[in-house]
Amino acid sequence: MKKIFKFILNTIPRPILIRLSIVARPIIAFLLKGNKFTDPIDGKSFRMFLPYGYGTQRNNVLSPSTLSLERHRLLWLYLQNETNFFTKSEKIKVLHFAPEQEFYKRFKKQANLEYTTTDLLSPLADVKADICKLPFPDDTYDIILCNHVLEHIPDDTKAMQELYRVMKPGGMGIFQIPQDLNRDITFSDDSITDQKERAKIFGQYDHVRIYGRDYFDKLRSIGFRVEEVDYTNNLPSELVEKYCLAKGEIIPVVSK
């Protein structure tokens with residue numbers, strides 16, 4: 001199964017994968033029903049989660065029902081338990097980059113959200129836009145979700161500046177990235193162009209860097225206040241295992 005998923009991820013373009021997964025998801029979820037692991041996003045349980053990874057495959061990480069990964073489930077729990085994202089009565093203006101399927105329909109239905117999605121290629125994007133040149137006015141959004149996007153962007157400095165520009169003063173953002181916390185300095189090498197080599201070195205064929213711990217300081221240099229939240233440390237170990245979370249993953253929570 002791991003080889004099959006790896007082949008699919010590395011050969012089928014992401015927009016097509018999104019459309020195919022809509023059909024396949026309920027079938028896979030039915031076949032894998034059980035009680036060992038639970039997806040906190042929809043509360044459904046399974047005997048196993050699916051493997052995932054463009055390079056090295058990780059076991060039990062992809063939820064059969066929502067197609068969420070570790071980072072998505074961690075983000076959901078943080079928003080649910082630590083913020084008023086789901087409960088605030090006043091309208092919240094939210095900008096969501098490269099919207100994930102597991103969140104898209106749920107957030108669209110939330111009465112308290114004025115919810116806008118954006119991406120260059122995703123079929124779920126309301127606005128097709130380049131993150132380095134956003135078509136939105138200054139100080140527009142209360143919350144910006146930009147997760148696992150910046151590692152794809154050659155000029156991530158410009159992208160961060162645009163995120164800062166369109167965030168309201170007092171606004172909040174969550175900018176998750178794949179990160180090697182054992183690495184002090186972010187690594188990039190534009191001379192690596194072979195897709196297999198990029199997947200091997202950067203973790204995915206379309207990534208352009210591996211972020212180190214200096215990622216947080218780069219956000220600060222743009223002007224953001226940054227809180228490095230190790231949220232799995234706040235959860236009981238049995239829930240970390242049950243929800244299939246990545247122990248020690250840091251959530252970069254930024255504000256303006």
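Two strands are taken to pair if DSSP finds at least two bridges between them. On that basis this predicted model contains an open sheet of 7 strands in the order S7-S6-S5-S8-S9-S11-S10, and the pairing within this sheet is mixed.

## Overall composition

The protein chain has a secondary structure of 8 helices and 11 strands. Of its 256 residues, 50% count as buried, while the area that the protein chain exposes comes to about 12600 Å², with carbon and sulfur atoms supplying 53% of it. Among the contacts in the protein chain with a separation of 6 or more, 61% are accounted for by residues that are 24 or more positions apart.

## The sheet and the helices on it

Strands of a sheet pair through backbone hydrogen bonds, and they may do so in a parallel or an antiparallel way. In the open sheet of 7 strands, with its order S7-S6-S5-S8-S9-S11-S10, the edges are formed by strand S7 (127–128) and strand S10 (225–229), each of which pairs on one side only. Strand S8 (residues 141–145) and strand S9 (residues 167–174) run parallel and are joined by 4 bridges, and in this pair of strands Tyr141 stands opposite Met167 in S9.

Helix H3 (residues 70–82) packs on the sheet, where it touches S9, S10 and strand S11 (251–255), and the direction of H3 makes about 135 degrees with that of S9. Helix H5 (residues 156–166) also packs on the sheet, touching strand S5 (92–97), S8 and S9, with a direction that makes about 130 degrees with that of S9.

## Salt bridges

Side chains of opposite charge can pair when their charged atoms come close. A search of the whole structure finds 13 salt bridges, and the table lists some of them with the distance between the closest N and O atoms.

| Salt bridge | N to O distance |
|---|---|
| Lys218 and Asp156 | 2.8 Å |
| Asp180 and Arg183 | 3.7 Å |
| Glu228 and Arg213 | 3.3 Å |

In the salt bridge between Lys218 and Asp156, Lys218 lies in helix H7 (residues 214–222) and Asp156 in helix H5, so the pair ties together parts that are 62 residues apart in sequence. Asp156 counts as buried because its relative accessibility is 5%, under the limit of 20%, whereas Lys218, at 26% relative accessibility, counts as partly exposed.

For the salt bridge between Asp180 and Arg183, Asp180 is partly exposed with a relative accessible area of 26%, and Arg183 counts as partly exposed at 28% relative accessibility.

The side chains of Glu228 and Arg213 also meet in a salt bridge. Glu228 lies in strand S10 and Arg213 in the loop between helix H6 (195–202) and H7, so this pair ties together parts that are 15 residues apart in sequence. Glu228 is partly exposed, with a relative accessible area of 33%, and Arg213 is partly exposed, with a relative accessible area of 34%. Glu228 and Arg213 belong to a network of salt bridges that also links Asp217 and Arg220.

## Loop residues

Leu235 is found in the loop between S10 and helix H8 (237–242) and counts as buried at 14% relative accessibility. Apart from its neighbours within four places in sequence, Leu235 is in contact with Leu77, Val240 and Leu245. Along the chain Leu235 and Leu77 are 158 residues apart, yet their C-alpha atoms are separated by 9.8 Å.

Leu67, placed in the loop between strand S4 (58–62) and H3, has a positive phi of about 65 degrees although it is not a glycine; this residue is buried, with a relative accessible area of 17%. Cys244, in the loop between H8 and S11, likewise has a positive phi, near 55 degrees, in a residue other than glycine, and Cys244 is buried with a relative accessible area of 7%.

## A nonpolar surface patch

Ile27, Phe30 and Leu31 make a nonpolar surface patch of about 350 Å². Ile27 has its place in helix H2 (residues 14–31), and this residue counts as exposed because its relative accessibility of 53% is over the limit of 50%.

Methods
Residues are numbered from 1 along each chain as its sequence is written. This is a predicted model: local features need pLDDT of at least 70, side-chain atom pairs count only at pLDDT 80 or more; totals for chains, interfaces and linings use all residues. Side-chain values use heavy atoms; hydrogens and water are left out. Helices (H or I, at least four residues) and strands (E, at least two) are DSSP runs, numbered from the N terminus. Contact means heavy atoms within 4.5 Å. Axes are lines fitted to C-alpha atoms, for helices over the stretch in contact, and angles run from 0 to 180 degrees between N-to-C directions. Patches are made of residues with over 30% relative accessible area and no salt bridge: like charges are joined within 9 Å, nonpolar side chains (Val, Leu, Ile, Met, Phe, Trp, Tyr) within 5 Å. Accessible areas come from the Shrake-Rupley method with a 1.4 Å probe; for residues, only the protein chains shown count as cover. A salt bridge is a side-chain nitrogen of Lys or Arg within 4 Å of a carboxyl oxygen of Asp or Glu. Buried means under 20% relative accessible area, exposed over 50%, partly exposed in between (1.4 Å probe, protein chains only).
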